[in-house]
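Q: Hello! I am new to this structure and would like a close look at a single part. Could you take me through it slowly?

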Amino acid sequence: MSASVLSVRDLTVKAHLQGETRTLLQGVSLDLAKGEILGLVGESGSGKSLFCRSLVRLLPSSLLKIEGGTILFEERDLTAVTDAEMLKVRGAEIGMIFQNPTSHLDPVMRIGDQILEGIRYHQGINGRDARAAAIEILAQIGFPEPVRQYDSYPHELSGGMRQRAMIGVALSCNPQILIADEPTTALDVTIQAQILKLLMDIRDRHGLSIILITHDLGVVAQTCDRIAVMRGGRLLEQGLKRTILSAPQDPYTVRLIHSHPSMPDVALPAVSAPAPSRAATRPLLEIDDLHVRYPTGGSLFRGKNARTVGALSGVNLQIMPGETVGIVGESGSGKSTLARALLGLTPISSGHVSFDGIDLFQQRNAGLARLRREAAMVFQDPFNALNPRLTIGQTLAEVLKVQKKIARADIPSRVDELLDLVGLEREFVNRKPRSMSGGQCQRAGIARALAVDPRLIIADECVAALDVTIQAQIIDLFRKLARDLNLTLIFIAHDLAIVRNLCERTVVMYRGEIVEDGRSEDVFSRPKHPYTAALIAAIPDIDPDRQLLGHTDAASLEPIQSFKRMP
Amino acid sequence: MSAGTVSSSPAGWRLRLSQRLPLVIGAGILLFFLLLAIGAPVVAPYDPILQNGATRLQPPSLLHPFGTDNFGRDLLSRVIWGTRIDLQIALIGVVFPFVIGTIVGTIAGFFGGIVDALFMRLIDIILAFPFLVLMLSIIAILGPGLSSFYIAMALVGWVSYARLIRAQILVLKNSDYAVAAVSLGFGRFRIMFRHLLPNAIAGSIVFAMSDAVLVLLSGAAVSYLGLGVQPPVAEWGVMVAEGQSFITTAWWITLFPGLSIVCLAFGFSMLGDALGELLGVHE
């Protein structure tokens with residue numbers, strides 16, 4: 001590591017709201033060495049994104065101002081240069097890539113041309129040479145057929161390829177520093193491993209410095225040289241990766257490391273330890289050769305030759321009362337479709353789903369009535385899952401009123417009870433989702449599911465949108481609820497570490513089929529199917545000595561399209 | 001970017017000045033016209049339909065601040081009395097289409113399939129005719145008058161509201177909270193009218209405010225053609241029409257009722273914008 005390319009001293013950013021001034025970044029000092037990958041870790045709202053945006057003066061609102069400090073970059077203070085000079089720094093010297101490549105790529109411009117633009121503007125190369133350079137970059141960032149794919153539009157690419165294209169656009173300007181803001185958060189683990197490997201690859205080849213913003217300590221452990229931990233606009237500590245991970249100083253860092261779900265040693269006991277004797281009890285949920293197909297391409301006048309796409313093909317599954325089952329798989333593997341089919345929210349094409357002995361296909365009305373009274377769902381996006389116009393109290397009371405399981409007079413006290421159960425203060429009765437955090441909304445969503453007084457709860461990716469420490473809290477809540485209320489829990493997630501922590505049984509799905517089903521310990525320690533093995537190998541472990549494996553295996557698996565994103 | 005957004009207070013009612021100003025102006029203007037309409041007998045200095053040959057076509061003066069028209073009627077009094085009719089036109093002409101369109105749109109969007117197809121084709125048919133031509137033919141069948149105008153407005157005007165609401169419902173019915181409502185065993189009408197509609201309606205309310213202006217203008221147009229408000233009743237649109245033949249010699253006959261229409265329209269659109277902010281349409 002040579003001298004630092006970027007040196008930030010006492011950077012302070014304040015927001016000037018009506019009548020009050022809030023400090024968003026307080027005296028942050030950081031150095032970035034040449035060819036170094038710095039991991040910036042923290043929860044949402046910790047100011048890590050804001051810090052990086054301040055570097056290139058792209059503050060998200062005019063109410064925010066850089067109040068103090070210096071940003072030294074190539075012997076210039078970036079806080080003092082003019083806007084015209086700043087324009088040259090952005091892109092040309094400091095490139096950025098973001099979490100969601102879909103919204104940061106121009107949808108009506110070919111990928112190649114988007115890269116070409118940077119080359120022409122910042123490197124001054126034109127014509128055929130520029131095109132050749134763009135194709136060279138496409139090859140570097142792992143496009144298998146760069147000449148043909150030069151003409152692809154963003155919507156023709158998968159999420160992983162789009163993120164690669166974003167990196168390509170950033171590289172086209174030949175920057176010295178690359179700021180990557182949660183570049184892999186929206187991606188599946190196997191794709192994440194590929195992108196992280198690509199970033200390290202680029203660092204080695206171009207010698208550029210990377211600031212990697214992430215909330216996943218596993219990602220940091222696998223890729224970064226140094227770690228900086230932020231919280232509430234302050235830099236809590238920074239240091240070499242191994243030092244921080246093995247001997248964290250700040251209590252918050254300790255908590256962050258311990259809430260990382262891949263910690264294998266603190267193996268919490270799986271939920272209901274002695275599995276109920278399976279022969280004796282009847283399965284609560286029985287799925288037999290379930291197929292779900294969606295029509296595509298058909299229309300009113302071409303109804304007959306409408307094609308279908310199978311989202312689930314031949315799923316067999318039995319779930320016993322009191323079991324905690326995790327369903328894992330990448331996006332598009334049919335996990336969510338399975339969840340919706342189980343609750344009768346998606347029409348079944350063929351096969352059988354029976355809930356507590358009632359077949360949902362044959363006795364649809366009776367089955368659904370039963371299901372609505374005894375099963376409930378918790379959703380992925382906590383903000384979208386609650387009606388924004390109703391207070392939490394109204395939301396819960398409505399469920400109780402419709403379900404008619406308790407007398408009307410008892411509803412207010414039951415609402416309080418439910419809030420206690422999920423660990424929300426009682427004053428949340430009068431709050432609306434908009435004024436609550438993601439974790440609080442998710443707790444309210446769980447309370448709503450519990451209001452049904454269900455035997456079965458299906459949680460669909462319900463922690464994917466939350467910060468790690470909040471994730472750990474919600475997982476703990478589920479563990480407690482499943483134990484105390486004797487719930488059957490189906491927990492759908494793409495994060496294998498969470499499933500291993502919470503569930504006694506794991507089901508792995510791939511392309512609409514169940515490829516593996518067994519006790520979690522067995523599945524994770526001795527995977528039978530190569531896909532499961534590839535999934536497990538792609539989890540970034542918090543131990544830096546356990547290298548990311550599996551990218552070669554995973555690359556052979558073709559990308560699959562998710563049905564959730566289909567029109 | 002949670003760090004960058006300005007968090008609203010828990011109640012969400014404490015607004016910034018830039019948001020509050022249009023609300024105050026819009027509501028103020030409408031309130032002013034409402035008071036004027038209610039107090040017309042007291043406020044108006046003259047009888048609005050009393051003709052007086054001695055005071056024909058007088059320009060604005062202290063005695064007649066807005067001047068007089070070709071029958072010698074005091075224009076200020078006529079504008080004040082006209083407020084009654086015009087507010088009524090804007091209100092009734094919007095409320096009925098709004099209610100009908102919202103219900104139809106909600107049902108079409110929620111149920112989809114054949115119900116949706118039928119309503120949408122009906123809307124296509126209505127939209128295929130020029131708005132005014134359709135209005136005029138309905139009024140011609142029912143006979144001239146204000147009530148015919150309201151009926152015609154209700155029959156033709158609901159289509160825009162139906163389309164607006166339907167599009168919203170189509171999006172919202174796939175939202176997680178709608179799916180959650182289904183999975184919790186809520187009835188269809190509860191989901192439609194308690195969960196989806198309140199979240200979908202904000203855009204329609206804002207649209208209704210700007211639509212009120214259009215209704216006002218079509219009321220004036222229909223009256224101008226002799227099918228709406230009948231003379232000698234004072235109505236701004238009719239007054240503008242009456243002043244047309246004197247526009248070069250007695251500009252005040254057209255100007256003041258015209259300005260009143262502009263003011264009322266401005267009030268509605270300001271209120272529409274403010275409501276849009278308040279109801280979170282732009283979020």
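How much area do chain A and chain B bury between them, and what share of it is on carbon and sulfur atoms?

A: Happy to help! This is a predicted model, in which local features need pLDDT of at least 70 and side-chain atom pairs count only at pLDDT 80 or more, while totals for chains, interfaces and linings use all residues. Residues are numbered from 1 along each chain as its sequence is written, chains are lettered from A and ligands numbered from 1 in the order in which they are written, and side-chain values use heavy atoms, with hydrogens and water left out.

Now to your question. Chain A and chain B bury about 2,600 Å² between them, and 58% of that is on carbon and sulfur atoms. Buried area here is the accessible area (1.4 Å probe) that two parts lose on being put together, summed over both. In contact terms, 35 residues of chain A meet 25 residues of chain B, where contact means heavy atoms within 4.5 Å.

Let us look at what joins the two chains. Three salt bridges are counted between chain A and chain B; a salt bridge is a side-chain nitrogen of Lys or Arg within 4 Å of a carboxyl oxygen of Asp or Glu. R340(A) and D176(B) form a salt bridge, with their closest N and O atoms 3.7 Å apart. The rule also finds nine residue pairs in polar contact across the interface of chain A and chain B, both residues being at pLDDT 80 or more. A polar contact is a pair of N or O atoms within 3.5 Å; within protein, one must be able to donate a hydrogen and the other to accept it, and residues adjacent in sequence count only if both atoms are side-chain atoms.

Which elements of chain A take part? Those giving two or more residues to the side that touches chain B are β2 (20–33), α1 (48–55), β16 (375–378) and α14 (392–403) of chain A. The largest share, six residues, comes from α14(A). These labels follow DSSP runs numbered from the N terminus: helices are H or I with at least four residues, and strands are E with at least two.

For a companion view, turn to the inside of chain A. An automatic or database domain assignment divides chain A into domain 1 (1–93 + 175–258), domain 2 (103–174) and domain 3 (309–565). The C-alpha centres of domain 1 and domain 3 of chain A lie 34 Å apart, and their contact takes 23 residues from domain 1 and 22 residues from domain 3. Domain 1 and domain 3 of chain A bury about 2,000 Å² between them, with 61% of it on carbon and sulfur atoms. Between these two domains the salt bridge count is zero, while one residue pair, both at pLDDT 80 or more, is in polar contact. On the side of domain 1 of chain A that touches domain 3, the largest share, seven residues, comes from α8(A).

Finally, a search of the whole structure finds 35 salt bridges over all chains. Among them is the one between R431(A) and E427(A), at 3.3 Å from N to O. Another joins E521(A) and R519(A), at 3.7 Å from N to O. Salt bridges that share partners also link R282(A), D356(A), R370(A), E374(A) and R455(A) into one network.
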